[in-house]
Amino acid sequence: MKYQNFYNESINNPEQFWKNQANEIDWFTSPQTILSKDEYDYNQWFEDGELNLSYLCIDKHINDGFGEQNALIYDSPVTNTKQHITFNQLHHEVSKLAGGLQNLGLKKGDTCIIYMPMIPQAAYAMLACARLGVIHSVVFGGFAPHELAIRIDDCKPKAIITASNGVEIKRIIPYKPFVDEAIDKSKNKPEHVIVFDRQLGVEIPKKAYDVDYKTLVEDSPSVEAVSVASIHPSYVLYTSGTTGTPKGIIRDTGGYATALKFSMKYIYGVDEGETFWAASDVGWVVGHSFIVYGPLLNRNTSIVFEGKPIKTPDASTFWRVISEHNVKAMFTAPTAIRAIKKEDPEGDMLRQYDLSCLKYQFLAGERCDVSTLTWAEKQLNIPVIDHWWQTESGWPMLANMVGVGLQPIKPGSAGLPVCGYDIKILNEDGEEVEPTVEGYVAVKLPLPPGTLSNLWGNPERFKFGYLHRFPGYYFSGDGGYIDEDGYVFITGRVDDIINVAGHRLSTAEMEEIVASHQSVAECAVFGVHCEIKGQKPLGLVVLKSDKTYVEDLVQKEIIQDVRREIGAVASFRDVLVVERLPKTRSGKTLRKLLRNIADEQQFNIPSTIDDVAIVEEIKSVYQKHNIGIHNK
Ligand SMILES: CCC(=O)SCCNC(=O)CCNC(=O)[C@H](O)C(C)(C)COP(=O)(O)OP(=O)(O)OC[C@H]1O[C@@H](n2cnc3c(N)ncnc32)[C@H](O)[C@@H]1OP(=O)(O)O
């Protein structure tokens with residue numbers, strides 16, 4: 001099969017194409033309607049189909065005779081634990097937890113937040129919710145109680161499933177106290193908090209709403225998977241938006257199952273029974289799609305890894321896991337490769353392991369610089385494939401579809417459009433631009449199955465944020481260009497979103513927190529280049545003139561404020577005090593100029609600037625504080 005023919009088929013005849021793909025999964029009721037419109041006049045897939053994700057990920061494989069195959073391998077260098085979990089064992093854990101949730105009153109259509117570290121119980125919790133048709137919302141453990149509270153208030157969960165603690169290298173992260181604090185702050189209190197005690201000697205503060213996870217599972221019956229409509233939301237996953245509040249991306253069930261089954265085979269090139277590893281976190285979309293649902297749907301063994309690319313215990317960890325667990329294809333973010341490269345530039349640690357099992361290395365989550373890609377290629381000597389997608393899409397939009405046939409790799413490009421995604425580069429007026437001309441990356445509607453179906457509780461924001469700017473297209477928020485061979489190059493966000501170590505964060509949200517410090521008159525927060533994390537946030541503050549300050553103390557307080565409100569994941573460590581900020585004559589802060597000066601990029605000073613002398617002022621502040629690529 002040729003990529004181009006396959007792709008063209010998906011674009012020219014999407015209904016037939018996706019009907020064929022939908023036939024690859026086991027439906028309780030096969031869909032007769034393939035593509036239709038919902039009440040908001042937006043496309044939906046397989047409207048009248050019925051199925052269950054938990055059934056497809058577990059029961060189906062047991063029924064097919066694969067109950068003793070490993071479904072999950074939990075590998076935790078931070079606790080020195082390795083555990084193999086078969087599909088039979090997964091069934092036991094998930095169906096009894098689902099029974100427990102049911103006993104607590106959770107039913108189809110309710111919501112449940114999952115705030116867990118990278119332990120198998122996080123996957124059990126997701127699958128138990130899916131078994132009942134309960135809509136889960138996993139919140140990344142690096143987010144602070146304030147962020148958790150925002151999500152609680154938005155999705156109003158009936159229960160929260162959490163653990164006593166996480167382990168960050170050698171540091172204990174107190175998950176349960178964070179949940180208690182978030183509930184204190186939120187207006188919509190959940191009825192139950194189900195707590196998995198990891199028995200690591202961490203004290204668990206007790207509350208009336210607490211339910212012990214293990215007792216709940218022990219005392220509850222196994223329950224069967226319920227049938228849900230294809231368009232039933234399987235989950236809500238929050239992602240940063242350009243305004244302060246995060247957006248709850250809604251994912252359907254039938255379209256998602258179809259797209260994930262398709263992805264495992266055609267994008268990642270793994271067959272049933274093989275091992276796949278996405279070294280990410282269940283709190284991100286990668287974790288949903290390619291640690292839990294995708295591999296399990298495809299009867300792959302999936303690795304739940306609780307560790308880091310370095311320091312747990314060293315830069316050889318990834319290679320040990322690949323070799324020990326016979327991983328065929330692996331997914332990680334470029335930032336992880338950069339961290340390994342820094343510790344092991346010549347690949348000496350890598351060569352201690354037999355990596356002959358590894359056939360493909362996939363990279364995504366942030367833009368991949370050429371030197372990271374070529375370093376990985378040189379060390380691994382296999383195709384290293386950058387690809388691009390978003391929380392919104394749920395699965396890859398650009399890739400090198402190795403399951404169809406490996407195409408030449410062009411370093412710097414995230415590859416070719418994946419089947420179903422009619423990707424266009426548009427100018428300000430919504431017109432398609434010529435090859436190699438940079439513009440806005442948009443996808444012609446309808447989007448393929450498995451992509452976002454709306455925003456939780458906010459259909460207006462969905463339309464305005466994604467569909468309004470270029471009618472007839474989904475607007476990705478990224479800029480880029482397509483070359484003469486059809487390869488797409490993503491150049492970065494065109495809004496206030498930054499990507500720090502593969503974590504998508506809103507600078508507007510950080511700016512709100514910085515601005516609320518009592519000593520700050522005005523401020524700007526923006527992303528600057530970071531050698532390891534790709535980008536990191538930098539804050540510039542102008543202090544109020546009617547006060548006396550200890551500058552260092554104000555800076556520490558501001559950094560602490562952002563960490564307390566958003567969480568450690570923000571990596572907000574740099575705040576500089578300046579006399580003034582560059583502005584246009586109409587008073588708009590020139591954040592892009594501030595970023596370009598820091599990144600020492602070629603830039604034009606906007607003609608609307610109110611005082612050009614500020615450019616030198618800012619440069620000298622950056623120099624004094626060692627900000628800038630060449631100062632490192
Ligand atoms: C394609 C669609 C998508 O884009 S989905 C998103 C894809 N992104 C990813 O998969 C993320 C990739 N990045 C990573 O996995 C990590 O950044 C890696 C590379 C492993 C490095 O981790 P780390 O050294 O912790 O750095 P970091 O910048 O992630 O962390 C910053 C601070 O946050 C903390 N943190 C991190 N995770 C948690 C957690 N689960 N629970 C609690 N805290 C967490 C870290 O400890 C770190 O804290 P500190 O600032 O050092 O005190």
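**Helix packing and backbone features**

The crossing of helices H3 and H10 is left-handed, meaning that the near helix is turned anticlockwise from the far one by less than a right angle. Their contact involves Leu53, Leu56, Cys57 and His61 of H3 together with Tyr293, Leu296 and Leu297 of H10, where contact means heavy atoms within 4.5 Å. These residues divide into six nonpolar, one polar and no charged (Ala, Val, Leu, Ile, Met, Phe, Trp, Tyr, Cys and Pro count as nonpolar, Asp, Glu, Lys and Arg as charged, and the others, Gly among them, as polar). H3 spans residues 53–63 and H10 residues 285–297, and the two pack at about 50 degrees with their axes 8 Å apart. Axes here are lines fitted to C-alpha atoms, for helices over the stretch in contact, with angles from 0 to 180 degrees between N-to-C directions; helices (H or I, at least four residues) and strands (E, at least two) are DSSP runs numbered from the N terminus.

The model is predicted, so local features need pLDDT of at least 70 and side-chain atom pairs count only at pLDDT 80 or more, while totals for chains, interfaces and linings use all residues. Residues are numbered from 1 along each chain as its sequence is written, and side-chain values use heavy atoms, with hydrogens and water left out.

A second helix pair is formed by H15 (residues 507–515) and H16 (residues 551–565), whose axes come within 9 Å and cross at roughly 130 degrees. Here Met510, Ile513 and Val514 of H15 meet Ile558, Asp561, Val562 and Glu565 of H16. By class, this contact has five nonpolar, no polar and two charged residues.

Helix H13 (residues 370–380) offers a view of one-sided burial. Its buried residues are Thr372, Leu373, Trp375, Ala376, Gln379 and Leu380, buried being under 20% relative accessible area, exposed over 50% and partly exposed in between (1.4 Å probe, protein chains only). Seen down the axis of H13, they fall within an arc of 165 degrees, so they line one face of the helix; the arc is that of the directions from the helix axis to the C-beta atoms. They pack against helices H11 and H12 and strands E19 and E20. Just after H13, Asn381 takes a positive phi of about 60 degrees.

Positive phi also appears at Arg299, near 50 degrees. Arg299 sits in the loop between H10 and E17 and is buried at 9% relative accessibility. Finally, the peptide bond from Thr312 to Pro313 is cis, with omega near 0 degrees.
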